[in-house]
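Let's take a walk through this model, from the overall fold down to its main pocket. Have the 3D view open as you read.

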Amino acid sequence: MLKIVIFDLDGTIGDTLPLCVTAFKKAIEPLGGVTLTPREIISHFGPSEEGVIRELFPDRYEEALELFINSYRELHDMAPKPFDGITDLLAFLKSKGIKNTIVTGKGMRTLQITLEKYGIASYFDILEAGSPEGPCKAAKIRKILDELGITAQEALYVGDAPTDITESREVGVEVASAAWASTAEPELLEQMNPGHVFDSVAGLRAYLEQKLA
């Protein structure tokens, strides 16, 4: 029986990855006197934003971090609302007694900015952000399950990245691959997670309704 749905954020709840990249460019390029392509910026992702900035600007970390956070907040109209159907899906799951949680690679500050902008913070029971030290989703998923006393077989992770599949499987959690963002790679997701790739929030909801019937 499904008891918990664990959501990624960027590319799953909102189309916020382009926002992250643009905020990095606006904040970091003037500070470092460099021009970075989106691909170059994304290549640093894995650690949270704090970890990326610490790696790039160890001597100006606090300044660079505040510039990035301010840019992220100011530019958030690039991703003004969640994907269509997300808020209704969260409400539906909550009405069924399902725990809605987040495990994301984002830092906690940008995670909270987005949830506040979207008006959906109240739908989530637990938030787990990324680590400056590097990827940690498997550990964070395990932490939530242990905290709530829920088994891996009673959980579902929803995320858009190939690494979401590998990290969820590391702890034995089923994955629903979100392929509805502009940044998704549906063919790769289907290769890695055949039969469990969804090109719309509506498709995922229908799948969850069937599981909960």
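## From fold to pocket

Start with who touches whom: of the contacts in the protein between residues at least 6 apart in sequence, 68% join residues at least 24 apart. Keep in mind that this is a predicted model. The secondary structure behind those contacts comes to 10 helices and six strands.

How does the overall size stack up? For 213 residues, a compact globule would have a radius of gyration near 17 Å, and the protein has 17 Å, so the two agree. If you'd rather think in box dimensions, the C-alpha trace spans about 55 × 35 × 30 Å along its principal axes.

Now for inside versus outside. Buried residues account for 51% of the 213 in the protein, where buried means under 20% relative accessible area. On the outside, the protein exposes about 9800 Å², and carbon and sulfur atoms supply 51% of that area.

Next, the pocket. The largest one holds about 760 Å³ of space. It is lined by 31 residues, and the closest to its centre are Phe-45, Gly-46, Lys-137, Ala-161 and Thr-163.

Which helices each supply at least two residues of that lining? They are H1 (17–32), H3 (49–56) and H8 (162–170). H8 gives the largest share, with four residues.

As for chemistry, the lining of the largest pocket is a mix: 13 residues are nonpolar, nine are polar and nine are charged.

Notes: Residues are numbered from 1 along each chain as its sequence is written. This is a predicted model: local features need pLDDT of at least 70, side-chain atom pairs count only at pLDDT 80 or more; totals for chains, interfaces and linings use all residues. Side-chain values use heavy atoms; hydrogens and water are left out. On a 1 Å grid over the protein atoms alone, a cavity is a set of points where a 1.4 Å probe fits but cannot get out, and a pocket is an open set with protein on both sides within 12 Å along at least five of seven lines; lining residues have an atom within 4 Å of a point. Grid points are joined across faces, edges and corners, and a volume is the space filled by probe spheres set on the points. Ala, Val, Leu, Ile, Met, Phe, Trp, Tyr, Cys and Pro count as nonpolar, Asp, Glu, Lys and Arg as charged, and the others, Gly among them, as polar. The radius of gyration is taken over C-alpha atoms; the globule rule is 2.2 Å times the number of residues to the power 0.38. Buried means under 20% relative accessible area, exposed over 50%, partly exposed in between (1.4 Å probe, protein chains only). Contact means heavy atoms within 4.5 Å. Accessible areas come from the Shrake-Rupley method with a 1.4 Å probe; for residues, only the protein chains shown count as cover.
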